[in-house]
Amino acid sequence: MAETPKKKSWWKSCLLLVVVLAVVGGAIGWYKFFREEPQPDWVTATPDMRFKYGSIGAEHDAGIPYWIFFVLPRMFPEKLPGPGGLASLGVAWEQGQELPIGFTKKVIGFPRVANNCASCHTTSYRKSPNENPVFVPTGPNHTLNLQAFFRFVVDCAKDPRFNADEIMREIALVYDLPLLDRMIYRYLLIPITKKRLLEREAQFKWVYHKDFPLWGRGRDDAMNLTKYFLLNWPMDDTLGPTDMPSVWNLQKYQPEKGMLMNLAGDSHDARSVIIDSALGLLSAAPHDREDFMGQIDWLVKYLGEKQAPKYPFPIKEDLGKSGKAVFDANCATCHASERTGTRVPVEEVGTDRERLKSWSKKAAIESNKVVRNFGIERKGLVENEPSGYIAAFLDGIWLRAPYLHNGSVPTLRDLLKPVAERPKVFYRGYDVYDSVNVGFVTEGPEAQRIGTKYDVSERSSGNQGHEYGVNLSAAEKDALIEYLKTL
Amino acid sequence: MAEQSAMTPLQKFLYRLGAIAAVVLVIAFLAGAWLLGRFGGDTAVAYQDDPEHFKYGSLGSEHEFGVPYWIWRALPELFQDKLPGARDGWQSVGFVFEKGKKLPVGMSQRRYLGFDVVWLNCAFCHAGTVRETAQSEAKVYSAMPANTFDFRAFMRFLFATGEDRRFTPPDILRQIKLIRQREGLGDLPLIDRLVLRFYGIYYMRERILALRDRLKFIAEQPEWGPGRVDTFNPLKAYFNFPPDKLAPEERIGTTDFPSIWNQGQRETLKMNLHWDGNNVSLEERNRSAAMGTGITPPTGDRPNLKRVAGWLRNLAAPPYPFAIDKARAAQGAPVYKKYCAECHGADGKDFRGEAVGKVVPIDDIGTDRRRLDSYTYDVAVNQNLIFAGYGEERFSHFRKTFGYANSPLDGVWLRAPYLHNGSVPTLRDLLDSSAQRPKTFYRGYDVYDQEKAGFVSDVAEEKGRKYFRYDTEEPGNSNKGHEGKRYGTELSSAEKDALVEYLKTF
């Protein structure tokens with residue numbers, strides 16, 4: 001009898017201890033895994049910086065722990081396309097910056113690395129080989145080997161050397177992690193990251209399709225992420241890698257005039273495209289919907305207003321003026337008219353059709369449903385069968401080489417040649433500019449060493465169609481090209 | 001009996017067990033404390049005097065690369081046949097030993113993991129020797145280029161030992177015992193021998209061979225010879241870039257060691273540092289160079305490195321120790337002012353000048369472009385990750401350039417051979433056109449050539465020691481460039497002589 005109060009107080013102390021431990025443990029757990037720290041001020045100092053390095057929230061589900069991300073290129077260089085670590089993937093990496101453009105670092109419990117729009121939508125060029133690159137945010141990243149990047153992280157996870165012992169040893173060479181963080185990395189982050197990346201292999205299986213040619217630098221089989229990842233459809237037999245598009249001056253697209261977006265007019269308006277692309281980067285429903293929609297609003301405004309960069313070489317003004325007349329007579333009907341920004345039937349333009357097959361009305365309807373279920377309202381994807389390609393606006397066309405939706409024609413001068421005379425094999429992704437032909441240098445030892453080989457005979461890579469202006473005289477072509485530089 | 005032992009057998013057993021456990025615990029605790037005392041701790045041998053600290057102080061490279069002192073002593077004796085000329089111990093690869101010192105200039109010592117371990121500091125590449133004649137005593141100059149040290153011969157020897165079947169605990173421990181007996185010391189303490197026998201020596205061998213594999217690409221480069229190093233290709237190995245995939249033109253980047261005095265003025269004038277001017281931050285450049293000694297971001301000894309950097313900031317170049325013809329030097333002054341000052345500074349003390357520290361495009365300067373091409377944009381951006389996680393220490397100033405940087409000429413008399421790749425033996429030769437400059441000459445000899453200003457470069461061998469034959473035809477070794485009217489190669493012979501005399505005053 002006398003023991004009862006004693007027992008009770010014993011239980012009480014026990015309970016108290018458990019509660020205290022739970023609270024302390026919970027606080028540590030929250031701090032080490034969920035605490036969100038804002039990115040440093042320099043990231044948001046200017047709109048361009050924010051576009052290049054600002055988080056759009058992808059670190060929550062798609063983020064890789066910073067130190068794992070850090071050591072992967074050093075541990076698995078054989079899985080990269082060449083020497084140079086991450087740089088070999090053609091990422092736009094500014095001198096002095098810790099991470100390439102489009103790679104965001106954010107602390108959510110621990111520092112994580114994820115991506116934003118700028119990874120595919122910042123381009124670079126050099127006026128000569130003896131010069132460092134100029135980076136242009138919102139330009140199409142023609143150097144990025146996205147497929148190689150997707151494969152790289154998964155290939156690393158599949159390697160038996162992706163284990164706590166080897167990764168921790170590599171981290172120890174570069175950073176002295178505090179003991180608790182070392183335990184967290186060893187027992188949680190490394191195994192979890194490995195598991196998540198291995199899951200990606202199944203989710204991203206299209207990047208391993210054995211029978212398909214590689215996309216090469218500057219291209220993405222863009223509808224796959226929606227089709228296979230968002231909708232979880234089984235892999236079909238379509239292949240539609242297309243050029244990364246420029247995303248400047250999006251306000252030119254006026255949906256009320258029937259204009260559509262994406263290369264095949266798959267989407268109604270800029271906001272929808274930005275939402276869908278951002279969701280692809282997040283790899284999940286937004287963690288914080290309100291914050292996500294705030295990011296979207298900012299991007300809609302930034303990308304709406306951002307203008308294409310000026311041509312960086314001298315332009316012969318008089319020649320350009322006479323080129324304007326050639327343009328008005330031959331190109332304006334599609335590229336500077338009511339028709340601009342609307343679909344041109346593929347039968348009419350005659351370019352490669354494969355990209356159209358990679359998307360469908362059914363996919364559009366289902367995707368719209370999924371996004372609606374995330375609680376996101378948008379005009380969304382166009383719910384009809386793809387039937388043609390958008391007549392492009394030509395602002396900043398000088399920096400959007402190679403040309404046509406699949407990037408099958410290296411320069412503007414080549415595009416003005418009949419199909420039979422356009423290059424059949426060339427190299428993409430070398431960043432030295434060719435101001436004579438207007439496009440990038442796609443031949444020569446350096447272009448071959450750095451670039452990826454593009455063969456127009458491969459599936460979905462045909463350079464046929466858009467045989468417009470091919471019969472112009474040489475002088476007219478020169479004038480037209482000069483004018484196009486001014487756009 | 002029953003009263004005496006109130007304890008049941010079980011209690012007795014538990015009691016004994018408890019007592020034994022207590023004793024074991026105490027012993028374990030004491031053993032733990034002893035082991036911690038014996039193998040814990042991390043203390044570098046310290047030097048009060050700054051110049052001594054430069055020559056022998058630790059930057060922390062022993063943490064990653066430290067060789068137990070006694071193994072360091074044993075290697076050149078056990079593997080004498082692997083040394084250049086199979087003689088002279090560590091001196092044979094060009095290490096400089098001062099009188100009464102067991103360690104060469106450029107090697108520091110630290111007590112770490114229970115051992116006295118040694119490895120390199122700045123001075124192994126940035127301290128050299130000068131002799132007035134073949135008979136005179138060598139004088140050591142700190143912060144001058146290590147004119148006698150053959151980095152590659154050193155590595156080659158180290159790798160050869162790792163590959164040799166004598167690199168075993170019994171052989172090495174026997175050699176250590178011999179040396180210690182010779183010096184009147186007993187054998188190593190048992191615990192040291194045990195650790196070395198069952199772990200240390202195997203581990204060291206493994207590390208040597210791993211390093212050899214990482215640096216394999218060097219074997220395909222033309223011989224560096226003494227006083228030279230490829231600075232940035234080893235960095236690619238550090239990043240683990242596959243060397244066979246590198247562009248052929250970036251695979252050779254051999255250059256002379258530079259002098260490193262008077263760093264402060266270089267910083268103040270915001271000069272582009274390194275031969276190609278790829279970094280404007282002195283502090284970053286220092287840490288980058290310190291990584292060449294073997295420190296890593298977690299293991300560098302920051303206070304010690306800071307101390308060296310501080311000392312170098314205001315260290316003056318040593319004055320020319322031989323006679324200078326003052327009248328002739330005075331005639332050289334206006335020549336210098338007219339031809340050299342814009343790019344190389346007002347004089348040896350005042351580095352101001354319009355183009356000092358600026359990068360001259362490669363086509364203008366015309367010197368060998370291998371070193372320039374060895375440093376690529378991809379290397380520059382990967383360097384942005386070095387010291388990541390350490391706040392402001394992360395590298396952010398490296399830039400790809402497209403030429404070579406103009407350097408001030410402080411202490412230029414000690415910086416021979418000349419040009420970034422050390423392809424021109426003397427100052428006087430540099431004032432001739434490349435066609436007239438020596439096609440081949442010898443490096444690594446430290447007797448001074450007072451007439452031409454540089455080291456005597458025609459001695460192939462002295463007292464059985466061979467010097468390195470430098471061939472300007474080898475890739476990366478071209479002696480072209482820095483020539484033509486504005487570079488002074490068209491001056492009269494008298495003007496050239498006067499200019500050389502004047503440069504001795506720098």
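What share of the 506 residues in chain B is buried? Buried residues make up 48% of that chain, and this tour of a predicted model begins there before moving on to chain A and to the contact between the two chains.

**Chain B as a whole**

Select chain B and display its C-alpha trace, which spans about 120 × 50 × 45 Å along its principal axes. In cartoon view the secondary structure of chain B comes to 18 helices and 16 strands. If you draw the contacts in chain B that have a separation of 6 or more, 73% of them join residues 24 or more positions apart.

**The domains of chain B**

Next, colour chain B by its assigned domains, which are domain 1 (1-39), domain 2 (42-124 + 151-223) and domain 3 (229-506). The centres of domain 2 and domain 3 of chain B, taken over C-alpha atoms, are separated by 29 Å. Where these two domains touch, domain 2 of chain B contributes 25 residues and domain 3 of chain B contributes 30 residues. On the domain 2 side, select α2 (50-56), α3 (62-65) and β4 of chain B, which are the elements that give two or more residues to the surface touching domain 3. Coloured by residue class, that side of domain 2 of chain B divides into 12 nonpolar, 10 polar and 3 charged residues.

**The largest nonpolar core**

Now show side chains for I71(B), A127(B), I172(B), L427(B), L499(B) and L503(B), which touch the most other members of the largest nonpolar core, a set of 98 residues. Helix α4 (residues 69-78) of chain B gives the most to this core, with 6 residues. Because domain 2 (42-124 + 151-223) and domain 3 (229-506) of chain B both give residues to this core, it lies between them.

Centre the view on L503(B) and, leaving aside its neighbours within four places in sequence, look for its contacts with L409(B), V412(B), W413(B), L427(B) and A453(B). Apart from the core just described lies another, of 91 residues, whose members include A58(A), V153(A), L197(A) and L385(B).

**A four-stranded sheet in each chain**

Staying in chain B, select the open sheet of 4 strands, which has the order β1-β3-β4-β2 with antiparallel pairing. At its edges stand β1 (42-44) and β2 (67-68) of chain B, each with a single partner strand, so one side of each is left without a neighbour in the sheet. Strands β3 (residues 107-112) and β4 (residues 115-120) of chain B pair in the antiparallel sense over 6 bridges, and S108(B) has W119(B) in β4(B) as its bridge partner.

Move to chain A and select its open sheet of 4 strands, where the order is β1-β3-β4-β2 and the pairing is antiparallel. Its edge strands are β1 (36-37) and β2 (64-65) of chain A, each of which pairs on one side only. Strand β3 (residues 103-108) and strand β4 (residues 110-115) of chain A are joined in the antiparallel sense over 6 bridges, with V113(A) in β4(A) as the bridge partner of K105(A).

**Where the chains meet**

Finally, show both chains and select their contact, which takes 22 residues from chain A and 27 residues from chain B. On the side of chain A that touches chain B, α4 (66-75) and α6 (164-174) of chain A each supply at least two residues, and α6(A) gives the most, with 3 residues. Coloured by class, the residues on this side of chain A divide into 9 nonpolar, 8 polar and 5 charged.

Technical notes:
Residues are numbered from 1 along each chain as its sequence is written. Chains are lettered from A and ligands numbered from 1 in the order in which they are written. This is a predicted model: local features need pLDDT of at least 70, side-chain atom pairs count only at pLDDT 80 or more; totals for chains, interfaces and linings use all residues. Two residues are in contact if their C-beta atoms, placed from the backbone, lie within 7 Å. Ala, Val, Leu, Ile, Met, Phe, Trp, Tyr, Cys and Pro count as nonpolar, Asp, Glu, Lys and Arg as charged, and the others, Gly among them, as polar. A residue is buried if 20 or more other C-beta atoms lie within 10 Å of its own, exposed if 12 or fewer, and partly exposed in between; C-beta atoms are placed from the backbone. Two strands pair if DSSP finds at least two bridges between them. A nonpolar core is a set of buried Ala, Val, Leu, Ile, Met, Phe, Trp, Tyr and Cys residues joined through C-beta atoms within 7 Å. Domain bounds come from an automatic or database domain assignment.
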